[in-house]
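Got your viewer ready? Load the model, pick a cartoon view, and follow along one selection at a time.

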Amino acid sequence: MTKHTDSLETLRARLAEFAAERDWDQFHNPKNLAMAMAGEAGELIEHFQWLTPEQAANLPRTTRDEVALECADVLLFLVRLCDKLGIDLAAAADRKLKLNAKKYPVEKSKGRATKYDKL
């Protein structure tokens with residue numbers, strides 16, 4: 001991470017301005033944004049397909065740079081989708097972390113990949 005990391009709100013505003021300048025709001029409905037995000041997630045996954053866990057954790061620099069851009073694409077579409085739906089993404093993430101903490105208490109889930117309903 002760099003020191004110049006934008007907050008989600010700043011990023012949301014920059015994306016809204018970027019889309020408005022290009023008259024893209026007409027295309028940025030929730031369905032299209034969700035589909036675009038899924039497509040970008042697929043492009044992200046392609047970089048890891050058929051790799052061993054060790055290979056995936058030690059990507060060559062050029063591949064890592066490509067992965068970073070795919071991650072950014074996913075994030076940008078997610079932030080734009082949340083903006084269009086009036087969702088505060090940071091608040092939703094905070095809420096989800098709190099829910100997960102209840103579903104996965106440390107004493108039951110530490111070191112385990114078991115789903116919460118099987119703990």
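Start with a surface view: how much accessible surface does the protein have, and what share of it belongs to carbon and sulfur atoms? The accessible surface comes to about 9,300 Å², and 58% of that belongs to carbon and sulfur atoms. Accessible areas come from the Shrake-Rupley method with a 1.4 Å probe, and for residues only the protein chains shown count as cover.

Before going on, a word on the ground rules. This is a predicted model, where local features need pLDDT of at least 70 and side-chain atom pairs count only at pLDDT 80 or more, while totals for chains, interfaces and linings use all residues. Numbering runs from 1 along each chain as its sequence is written, and side-chain values use heavy atoms, with hydrogens and water left out.

Now switch to the cartoon and colour by secondary structure. You'll find six helices and zero strands, counted as DSSP runs numbered from the N terminus (H or I, at least four residues, for helices; E, at least two, for strands). The radius of gyration is 18 Å, well over the 14 Å that the globule rule gives for 119 residues, so the protein is more spread out than a compact globule. That radius is taken over C-alpha atoms, and the rule is 2.2 Å times the number of residues to the power 0.38. Show the C-alpha trace alone and it spans about 50 × 35 × 30 Å along its principal axes.

Next, colour by accessibility. Buried residues make up 16% of the 119, where buried means under 20% relative accessible area, exposed over 50% and partly exposed in between (1.4 Å probe, protein chains only).

Select Arg80, in helix H4 (residues 61-85). Is Arg80 buried or exposed? At 4% relative accessibility, Arg80 counts as buried. Leaving aside neighbours within four places in sequence, Arg80 is in contact (heavy atoms within 4.5 Å) with Leu15, Ala16, Ala19, Asp25, His28 and Leu33. Add Arg14 to the selection too: Arg80 and Arg14 are 66 residues apart in sequence but 9.9 Å apart in space, C-alpha to C-alpha.

Last stop, the cysteines. Pick Cys71 and Cys82: the sulfur of Cys71 is 17 Å from the closest cysteine sulfur, in Cys82, too far for a bond. The structure holds zero disulfides, a disulfide being a pair of cysteine sulfur atoms within 2.5 Å. Cys71 is partly exposed at 38% relative accessibility, whereas Cys82 is buried, with a relative accessible area of 7%.
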